[in-house]
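Trainee: Can we go through this one together, piece by piece? I'd like to have it on screen before we start.

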Amino acid sequence: MTGSAQKTNSFKWQPNAKLLVFSLLMMPLLLSLGFWQLERGDEKQQIVDHHAHNQQLPPVISPEQLASGEDHQYRLAWIRGTVDNQRVIILDNRVKNGRPGYEILQPVTVSGLSEKLLINRGWIEASLDRELLPEIPTIADNVQLRGYLYHALKGGYRLDDGIRKVQQWPSRVGWITLERAEELFGESFLPYQLRLDQDSPGALKTGWTTVAVQPEKHVGYAVQWFAMAFTLLIMTIIANSNVVSWIRKKHQ
């Protein structure tokens, strides 16, 4: 084989500066998105595992347990108390099955505790007229409420609804945390809210979700980002070399 033939059959880089710059910018982005989705999947899996574990524990049934400071996140609870039917939080922008609505939250006085317990009764449909608030059924005094305890997780984006002090009850707000409940009601609250079960007295439409996106979906999204990064790598090699003709000649 002559020297010129060997040169023709050899692998060569033929760099295109613009394509290389584009690839160098996009590759770290695609890889970082893939690893970010894996991290999100791991976070969601921890939440799902936490939920499954605490749901298997015996229900919290006494005020002492409720105020013990233990990890009660997602734990079932049967709490007897008196619901404040006069002061009601209407949590805005809660969509269920594609329909606009609200979640209804109220404070409960638990016998033997100075702190109030915030209950989330679930979802109620909103009127097309934004000026009309929903009619909320009252709850009888000294009732046993059943559900699970929940503390809002960190993160998420909150729009400022402009409400600093309640002027009139019920009050429609854009977001709620236990810290904000203490500000709006002017009282101390236990560190969890009680999300009512569907068969509990006072429950509206419940059906709570543990996580909006399952861990498996995040893994699937990560695979897609990594596949795009791999595809970009192959296309970059093809566009900046004679790899296609070199492979063809190698198999002739």
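Mentor: Before we name anything: helices here are DSSP runs of H or I with at least four residues, strands are runs of E with at least two, and both are numbered from the N terminus. Also keep in mind that this is a predicted model.

Trainee: Okay, loops first. Between which two strands does Pro-170 lie?

Mentor: Pro-170 is worth finding, since a cis peptide bond joins Trp-169 and Pro-170, with omega at about -5°. As for its place, look in the loop between β5 (143-150) and β6 (171-173). So the strands you want, going by the DSSP runs, are β5 and β6.

Trainee: Next, the backbone of Tyr-74. What is its phi, and is the residue buried or exposed?

Mentor: Tyr-74 is in the loop between α3 (63-66) and β1. Its phi is positive although the residue isn't a glycine, at about 70°. The relative accessible area is 2%, and the cut-off for buried is under 20%, so Tyr-74 counts as buried.

Trainee: And Asn-97, what is its relative accessible area?

Mentor: Asn-97 is another residue that has a positive phi without being a glycine, about 55° here. You'll find it in the loop between β2 and β3 (101-110). Asn-97 is classed as exposed, because its relative accessible area is 75%.

Trainee: Staying with loops, which residues does Asn-85 contact once its neighbours within four places in sequence are set aside?

Mentor: Start from its place, the loop between β1 (76-83) and β2 (89-91). At 22% relative accessibility, Asn-85 counts as partly exposed. The C-alpha of Ile-136 is 9.0 Å away, though 51 residues separate the two in sequence. With the sequence neighbours left out, the contacts of Asn-85 are Gln-106, Thr-138 and Ile-139.

Trainee: Now the helices. How are α2 and α5 oriented relative to each other?

Mentor: Helix α2 covers residues 17-55 and helix α5 covers 215-239; they pack with their axes 8 Å apart, at an angle of about 165°. Angles over 145 degrees count as roughly antiparallel. That label therefore applies to α2 and α5, which are roughly antiparallel.

Trainee: What is the handedness of that crossing, and how many nonpolar residues are in the contact?

Mentor: The crossing of α2 and α5 is left-handed. As for the residues in the contact, seven are polar and two are charged, while the nonpolar ones number 21.

Trainee: How far does α2 reach from its first C-alpha to its last?

Mentor: Take its 39 residues at 1.5 Å a residue, and you'd expect 57 Å. The model comes close to that, with a reach of 58 Å.

Trainee: Which helix do the buried residues of α2 pack against?

Mentor: Run along α2 and you'll meet the buried ones, including Ser-23, Met-27, Leu-30, Gly-34, Gln-37 and Gly-41. An α-helix has 3.6 residues a turn, so residues three or four places apart point the same way. The buried residues of α2 pack against α5.

Trainee: And from the other side, which residues of α5 are buried?

Mentor: First, its dimensions: α5 has 25 residues and spans 36 Å from first C-alpha to last, close to the expected 36 Å. Its buried residues pack against α2. They are Pro-215, His-218, Ala-222, Ala-229, Leu-232 and Thr-236.

Trainee: Let me pick one of those. Which residues does His-218 touch, not counting those up to four places away in sequence?

Mentor: His-218 sits in helix α5, and it counts as buried because its relative accessible area is 6%. Its C-alpha is 6.3 Å from that of Leu-38, 180 residues away along the chain. Beyond its sequence neighbours, His-218 touches Gln-37, Arg-40, Gly-41, Lys-44 and Val-213.

Trainee: Last one: how far apart are the C-alpha atoms of Val-244 and Phe-11?

Mentor: Val-244 belongs to helix α6 (residues 243-250). With a relative accessible area of 36%, Val-244 is partly exposed. Along the chain, Val-244 and Phe-11 are 233 residues apart, but their C-alpha atoms are separated by 9.5 Å.

Key. Residues numbered from 1 in each chain as written. Predicted model: local features only at pLDDT ≥ 70, side-chain atom pairs only at ≥ 80, totals over all residues. Heavy atoms only, no water. Axes fitted to C-alpha atoms, helices over the stretch in contact; angles between N-to-C directions. Parallel < 35°, antiparallel > 145°, perpendicular 65-115°, else oblique. Left-handed = near helix turned anticlockwise from the far one by under 90°. Nonpolar A, V, L, I, M, F, W, Y, C, P; charged D, E, K, R; others polar. Expected span 1.5 Å × (residues − 1). Buried < 20%, exposed > 50% of the residue type's maximum accessible area, 1.4 Å probe, protein only. Contact = heavy atoms within 4.5 Å.
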